Amino acid sequence: MSEQAPPAERDHDPEALAVLRHSAAHVMAQAVLALWPDAHYAIGPPIEDGFYYDFDIGRPFLPEDLAAIEKQMQGIIRQDQPFEREEVSIPEAIELFSDQPYKVEILQGIGESSEQGVEGERVSLYRNPSKAKPGQSYLDLCRGPHVDSTGAIPAFKLLRTSGAYWRGDEHRPMLQRIYGTAWFTKADLEAYLHRLEEAQRRDHRRLGTELDLFSFPSELGGGLAVWHPKGSLIRRIMEEYSRQVHERSGYEFAFTPHVARSTLWEISGHLGFYAENMYPPMELEGAKYYVKPMNCPFHILVYKSRMRSYRELPLRIFEFGSVYRFERSGVLHGLLRARGFTQDDAHIFLPEEQVVDELRSLLGFVLRMLRDFGFDTFEAKLSTRDPAKSVGTDEGWDLATSALRQALEAEGVPYVINEADAAFYGPKIDVDIRDAIGRAWQVSTLQVDFNMPARFDMSYVSADNERVRPWMIHRALFGSVERFFGILVEHYAGAFPAWLAPIQVVVIPIADRHGPYATEVAAALAAAGLRAEVDESGETLGNRVRKAQGMKVPYMLVLGDREMEAGTVSVRARTGEKSDGVPLDRFVAGLVDEVARRGVLD
């Protein structure tokens with residue numbers, strides 16, 4: 001019995017690509033079983049931009065193994081084997097897969113078996129009959145659909161291997177995962193592989209070391225960074241910018257502790273709904289203390305420090321608050337997924353009737369900030385309630401979700417619905433940006449919360465002298481300083497625009513006699529508020545220019561006899577552009593203007 005995949009209207013249709021990649025995963029598993037007949041195979045889903053399959057062959061895969069698997073896959077594709085669908089009972093399927101323990105476990109109903117073809121009392125299987133060896137075939141447990149035949153997989157590549165615990169459980173067997181990608185055209189495959197190379201070139205972890213920005217010392221433990229002076233300077237610029245725009249927008253500033261008694265987290269609901277992401281408690285004087293995973297309960301305590309009037313609302317409280325969340329070591333990824341990080345966290349307390357207008361204003365605030373950092377493509381996700389992991393009434397959730405939807409539509413921001421992905425206390429908007437090579441990053445969050453005000457019994461005095469419960473909006477613009485910094489590093493490939501660059505200008509005197517003029521030039525730059533260094537090392541001029549380019553400094557000023565006599569500079573931009581005989585005051589004024597405009601140096 002055969003089931004055809006829905007035809008793709010174009011090569012980049014997401015559903016069609018998912019079918020293609022799932023089919024390629026089956027071909028890869030077939031190739032592995034042909035090369036290692038005793039292998040055990042587990043699951044092989046499509047993922048964003050590719051696919052993977054998990055295997056147990058008794059050892060890790062080697063680079064030469066991937067080459068052999070690719071060759072075997074090419075042979076299977078040339079045979080143009082059909083994907084044939086069958087349905088059997090669960091006992092029959094268990095018998096067919098009796099030598100495959102992971103398939104049997106799926107069939108016995110452990111885990112998300114419905115995702116692997118289990119439907120009631122029957123399951124669907126896909127068979128690929130071999131044309132080279134009649135009577136032999138590859139059989140897999142799968143819901144489908146697939147492409148018509150293996151010959152419909154025109155372009156694929158195996159990428160890498162890694163270890164992966166079965167079911168994601170560190171107490172279960174470690175399997176070997178092979179990642180691959182598949183596309184409808186060889187041109188699309190080559191373009192994707194080029195993007196991967198570009199992503200590696202931009203990897204913030206590598207650039208963080210090369211540019212001396214930050215590090216992750218093993219003595220600290222995984223997911224905890226130390227910021228070096230240059231990285232700290234960029235971070236300080238980011239934070240000063242943020243403080244200024246918040247102050248101009250009517251926010252009040254707070255500072256709160258890094259730990260709190262368990263009582264606070266019990267009231268907030270974090271111990272009931274978020275404990276697995278919190279660090280274990282410290283027991284002191286008969287009480288348990290937790291390092292904070294979030295800042296919101298502290299800002300609520302600021303609000304509750306005295307009775308509030310409707311005249312004070314909206315009350316906007318802002319903090320650069322450091323938080324600590326336990327992430328499993330396998331998901332840590334530099335600054336992009338860390339255990340300790342600082343959020344540019346704000347909480348707005350307001351009456352219900354002000355919520356939609358405030359959200360519209362916040363969305364505008366978010367987009368202006370992101371544009372200042374060089375991003376101009378935005379998308380959003382509206383995350384809705386998961387009834388099994390949430391608190392509050394249906395009415396409250398409906399009101400909050402509607403308010404977020406109205407704000408998105410009023411601001412004209414394209415969005416999709418993220419079903420059942422909200423936090424336990426309210427729905428949210430996540431704003432995504434796209435970087436210089438087209439990758440999407442989730443950064444800013446706006447979250448409506450009507451639950452915590454109730455849990456903390458918050459109120460304000462209305463114009464009618466009644467005590468009324470406020471609503472609450474959780475809001476982060478960077479998301480976290482660390483993650484946003486990592487995204488910036490990758491977006492700019494470490495070549496920050498001048499306003500963010502830790503060193504904006506390197507002054508390079510050609511000979512020792514030009515040193516005093518170099519000092520004078522650097523002083524003029526510093527007097528204008530610019531960041532400059534003089535490189536008077538004994539290296540050749542070419543080496544000093546290349547060193548500054550390697551550190552991605554926006555501008556190099558080369559000074560010789562002519563420049564010293566005329567009071568000019570020879571400008572070398574990191575883009576390769578050159579301008580000789582530029583008056584010093586004109587260069588300084590131009591760079592001051594570029595920094596003020598937050599201009600991006602291409």
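**Exercise 1. Two helices near the N-terminal end of the numbering**

Task: In this predicted model, find how helix H1 and helix H2 pack, and which residues make the contact.

Solution. Step 1: locate the helices. H1 covers residues 14-35 and H2 covers residues 63-79.

Step 2: read the geometry. The two axes lie 9 Å apart, and the packing angle is about 115°. Angles of 65 to 115 degrees count as roughly perpendicular, so H1 is roughly perpendicular to H2. H1 passes H2 in a right-handed crossing.

Step 3: list the contact. From H1 come Ala24, Val27, Met28, Gln30, Ala31, Val32, Ala34 and Leu35. They meet Ala68, Ile69, Gln72, Met73, Ile76 and Ile77 of H2.

Step 4: sort the contact residues by class. Twelve are nonpolar, two are polar and none is charged.

**Exercise 2. The second largest pocket**

Task: Describe the volume and lining of the second largest pocket, and state which element gives the largest share of that lining.

Solution. Step 1: take the volume. The second largest pocket holds about 610 Å³ of space.

Step 2: go to the lining. It consists of 24 residues, and those nearest the pocket centre are Gln30, Ala34, Gln136, Ser137 and Tyr138. Gln30 and Ala34 also belong to the H1 side of the contact with H2.

Step 3: assign the lining to elements. H1, H2, strand E6 (122-129) and strand E7 (137-141) each give two or more residues. H2 gives the largest share, with five residues.

Step 4: sort the lining by class. There are ten nonpolar, ten polar and four charged residues.

**Exercise 3. A second helix pair**

Task: Work out how helix H7 and helix H11 are oriented and what their contact is made of.

Solution. Step 1: locate the helices. H7 spans residues 229-248, and H11 spans residues 355-372.

Step 2: read the geometry. Their axes come within 12 Å and cross at roughly 150°. An angle over 145 degrees counts as roughly antiparallel, so H7 is roughly antiparallel to H11. The crossing of H7 and H11 is right-handed.

Step 3: list the contact. H7 contributes Tyr241, Val245 and His246, while H11 contributes Phe365, Arg368, Met369 and Asp372.

Step 4: sort by class. The contact of H7 with H11 has four nonpolar, one polar and two charged residues.

**Exercise 4. Backbone features in loops**

Task: Place the cis peptide bonds at Pro145 and Pro314, and the positive phi of Asp49, in their loops.

Solution. Step 1: take Pro145. A cis peptide bond links Gly144 to Pro145, with omega about 0°. Pro145 sits in the loop between E7 and strand E8 (155-165).

Step 2: take Pro314. The bond between Leu313 and Pro314 is cis, again with omega about 0°. The loop holding Pro314 runs between strand E16 (308-309) and strand E17 (315-324).

Step 3: take Asp49. Its phi is near 70°, a positive value in a residue other than glycine. Asp49 is in the loop between strand E2 (46-47) and strand E3 (50-56).

**Exercise 5. The cavity**

Task: How many cavities of 30 Å³ or more does the whole structure have, and what lines the largest cavity?

Solution. Step 1: count. The search finds one cavity of 30 Å³ or more.

Step 2: take the volume. The largest cavity encloses about 120 Å³ of space.

Step 3: list the lining. It is formed by Leu211, Leu213, Lys230, Gly494, Phe496, Ala501, Pro502, Ile503, Met551, Lys552, Val553 and Pro554.

Step 4: sort by class. Nine lining residues are nonpolar, one is polar and two are charged.

Definitions and conventions
Residues numbered from 1 in each chain as written. Predicted model: local features only at pLDDT ≥ 70, side-chain atom pairs only at ≥ 80, totals over all residues. Heavy atoms only, no water. Axes fitted to C-alpha atoms, helices over the stretch in contact; angles between N-to-C directions. Helix = DSSP H or I, 4+ residues; strand = E, 2+ residues; numbered from the N terminus. Parallel < 35°, antiparallel > 145°, perpendicular 65-115°, else oblique. Left-handed = near helix turned anticlockwise from the far one by under 90°. Contact = heavy atoms within 4.5 Å. Nonpolar A, V, L, I, M, F, W, Y, C, P; charged D, E, K, R; others polar. 1 Å grid on protein atoms, 1.4 Å probe; cavity = no way out; pocket = protein on both sides within 12 Å on 5 of 7 lines; lining within 4 Å. Points joined across faces, edges and corners; volume = space filled by probe spheres on them.
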